[in-house]
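Q: Please take a close look at how the helices of this protein pack against one another. An account that goes one helix pair at a time, with a few individual residues, would suit a first-year student.

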Amino acid sequence: MSTTAPASPETPSLSPLRLRLIMALVTGALFMEILDASIIITALPRMARNFGTSAVGLNIGVTAYILTLGILIPASGWVAERFGARRIFAIAIGLFTLASALCGQASSLTEFVALRVFQGAAGAMMVPVGQVIVLTCTPRDKLMVAMSNLIWPALIAPVVGPPVGGFITEHLGWSWIFYLNVPLGLIGLVGAWALVPESARPAESRRFDWAGFAITALGTFGLLAGLELMGATGSLAALALVALGLAFLVLALRHMARVPTPMVRLDNFAIPTFRATIRGGSLSRIGVAAAPFLVPLLLQVGLGYSPSEAGLILIALFAGNLAMKSVTTPVLRTFGYRRVLIGSSLASFAGIAGGALLAPGTPVTLICAFLFFSGMTRSMHFTTLGTMAFSDIPKPQMSDATSLFNTSIQLMMASGIALSALAVKLGDALGTGAPDMPYRLAFLPLSLLCLATLIEALRLPRDAGDSFVGRKSQA
């Protein structure tokens with residue numbers, strides 16, 4: 001196992017107002033980074049015409065962004081530790097803003113893809129480092145609320161991204177999808193320098209683990225590229241690329257467990273709550289990530305709704321996310337992580353599998369009711385996993401925990417979209433030829449992944465995370 005983590009950086013005590021402003025700053029950066037992964041989806045046809053290519057060909061702009069995030073996020077903890085979280089966070093916001101402005105000016109596919117890689121590189125530093133800042137600045141008795149607030153961008157951005165992108169493209173032009181980041185980024189840049197305190201850095205910094213970074217990058221590239229290709233073609237070559245990517249990632253974990261100064265320390269895997277979140281939680285995120293991708297396709301291709309009608313119906317999923325957010329913390333304090341995670345795993349399974357029942361002729365009120373329920377289960381499950389991951393992590397180990405957690409999320413969310421496309425292909429092969437059947441059947445295998453979290457939850461101690469959520473252990 002790796003060597004002992006560095007001493008915890010001393011962070012000055014901050015006023016409640018300053019803490020709230022830092023939280024708003026980091027949450028806004030997180031929302032902006034996740035939104036940019038999905039907001040251009042509905043703009044692809046218009047952009048493709050401008051670049052003289054097809055919408056499918058332009059999908060590489062989405063893939064390049066996600067791949068860059070997945071490859072570089074593991075290095076974010078080391079970079080923040082070496083150069084200071086405040087400095088890296090501010091630089092990342094500035095570069096993300098610059099990349100966004102340049103993306104809006106792109107005039108060719110090659111130029112656009114290169115700029116999306118640049119934007120993804122900045123985002124890979126911006127979000128994990130911002131989370132480390134929140135986790136180290138926030139007193140432990142307020143960490144539960146802080147972590148809960150950091151979850152909502154991951155819930156909302158993938159849902160609102162496509163309809164917002166479509167509206168902007170239709171009324172303002174696709175370039176404004178990126179230009180809107182510029183004023184927000186400038187505000188964030190000023191806020192980062194003015195609000196975020198300068199934290200102490202270790203007296204002796206660890207060397208960068210180039211071998212670990214290279215192996216992890218190869219594994220991430222192989223897995224995500226293979227899944228993307230598998231969703232598009234279903235070929236054996238794609239399956240082989242996925243297998244190769246997984247093999248490299250296993251090799252990366254073995255490497256980081258053995259070297260004295262790994263890119264990411266693996267000490268946190270010894271903590272049951274963090275281990276359960278990474279193992280079972282990662283698989284369930286694949287299923288949960290399917291809903292914002294599959295539901296619009298089912299509504300339009302399978303059930304015959306127009307894009308605008310599908311967008312309005314999808315608001316029910318968004319409303320369910322918001323409705324549950326206000327009660328998640330009280331529920332966790334009342335029942336504890338273990339019982340809530342068991343319940344949310346089963347509810348998430350039902351909230352995804354139920355999509356198979358949405359057939360032509362299903363009343364729109366019933367569709368909205370189901371999506372509202374699905375949004376509620378999605379919100380509870382994401383928030384429970386996202387806060388439990390850090391419930392028992394000592395502050396000196398927060399940076400490594402954040403790197404691992406964000407890498408896992410990025411890999412699984414991207415995998416969810418690719419596997420959704422593959423599930424639709426399988427549904428098409430098993431279906432009756434009706435346009436709705438491939439999408440309805442696709443919900444079933446993806447829903448089973450939520451049960452992986454159920455297995456991990458049953459293994460947790462009964463009082464897991466109770467002190468973090470402010471719940472007194474029950475006899």
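A: **Helix packing**

The crossing of helix α6 and helix α10 is left-handed. The model in which this crossing is seen is a predicted one. Helix α6 covers residues 85-105 and helix α10 covers residues 181-195; their axes come within 9 Å and cross at roughly 165 degrees. Angles over 145 degrees count as roughly antiparallel, and α6 and α10 are therefore roughly antiparallel to each other. On the α6 side, the residues that meet α10 are R86, R87, F89, A90, I93, G94, F96, T97, S100 and A101. On the α10 side, they are N181, V182, G185, L186, G188, L189, A192 and W193. Sorted by class, this contact of α6 with α10 has ten nonpolar, six polar and two charged residues.

It helps to set this pair within the whole protein. The protein has 20 helices and zero strands. Of its 475 residues, 57% are buried. Among contacts with a separation of 6 or more, 85% are between residues 24 or more positions apart.

Just before α6 in the sequence comes helix α5, made of residues 76-83. Helix α5 is mostly covered, with six of its eight residues buried. These buried residues are S76, G77, W78, V79, A80 and E81. After α5 comes G84, whose phi is positive, near 100 degrees.

A second pair consists of helix α4 (residues 60-72) and helix α7 (residues 109-137). Two packed helices are described by the angle between their axes and the distance between the axes. For α4 and α7 the angle is about 30 degrees and the axes are 8 Å apart. Angles under 35 degrees count as roughly parallel, and α4 and α7 are therefore roughly parallel to each other. The crossing in which α4 passes α7 is right-handed. In α4, the residues that meet α7 are I60, G61, V62, A64, Y65, T68, L69 and L72. Their partners in α7 are L109, F112, V113, R116, V117, Q119, G120, A121, G123, A124 and M125. The residues of this contact of α4 with α7 divide into 13 nonpolar, five polar and one charged.

Helix α7 itself can be checked for its length. At 1.5 Å a residue, its 29 residues should span 42 Å, and the end C-alpha atoms of α7 are 42 Å apart, which agrees. Helix α7 is mostly covered, as 22 of its 29 residues are buried.

The stretch of sequence that forms α7 is also approached by M23, a residue of helix α1 (residues 16-38). The C-alpha atoms of M23 and L135 are separated by 9.9 Å, although M23 and L135 are 112 residues apart along the chain. Leaving aside neighbours within four places in sequence, M23 is in contact with V134, A146, N149 and L150. A residue counts as buried when its relative accessible area is under 20%; that of M23 is 11%, so M23 is buried.

Later in the chain, helix α13 (residues 272-302) and helix α18 (residues 437-448) pack at an angle of about 175 degrees, with their axes 10 Å apart. Helices α13 and α18 are therefore roughly antiparallel to each other. In α13, the residues I286, G287, A290, L294, V295, L297, L298 and V301 meet Y439, R440, A442, F443 and L446 in α18. By class, this contact of α13 with α18 has eleven nonpolar, one polar and one charged residues.

Two single residues complete the account. T362 lies in the loop between α15 (337-353) and α16. With a relative accessible area of 15%, T362 is buried. T362 and L303 are 59 residues apart in sequence and 8.9 Å apart in space, C-alpha to C-alpha. Not counting residues up to four places away in sequence, T362 touches Y305, L357 and I367.

M376 lies in helix α16 (residues 364-388). The relative accessible area of M376 is 24%, so M376 is partly exposed. Its C-alpha atom and that of G351, 25 residues away along the chain, are separated by 8.7 Å. Residues up to four places away in sequence again left out, M376 touches G320, N321 and M324.

Note on methods:
Residues are numbered from 1 along each chain as its sequence is written. This is a predicted model: local features need pLDDT of at least 70, side-chain atom pairs count only at pLDDT 80 or more; totals for chains, interfaces and linings use all residues. Side-chain values use heavy atoms; hydrogens and water are left out. Axes are lines fitted to C-alpha atoms, for helices over the stretch in contact, and angles run from 0 to 180 degrees between N-to-C directions. Helices (H or I, at least four residues) and strands (E, at least two) are DSSP runs, numbered from the N terminus. Angles under 35 degrees count as roughly parallel, over 145 as roughly antiparallel, 65 to 115 as roughly perpendicular and the rest as oblique. A crossing is left-handed if the near helix is turned anticlockwise from the far one by less than a right angle, and right-handed if clockwise. Contact means heavy atoms within 4.5 Å. Ala, Val, Leu, Ile, Met, Phe, Trp, Tyr, Cys and Pro count as nonpolar, Asp, Glu, Lys and Arg as charged, and the others, Gly among them, as polar. The expected span of a helix is 1.5 Å times one less than its number of residues. Buried means under 20% relative accessible area, exposed over 50%, partly exposed in between (1.4 Å probe, protein chains only).
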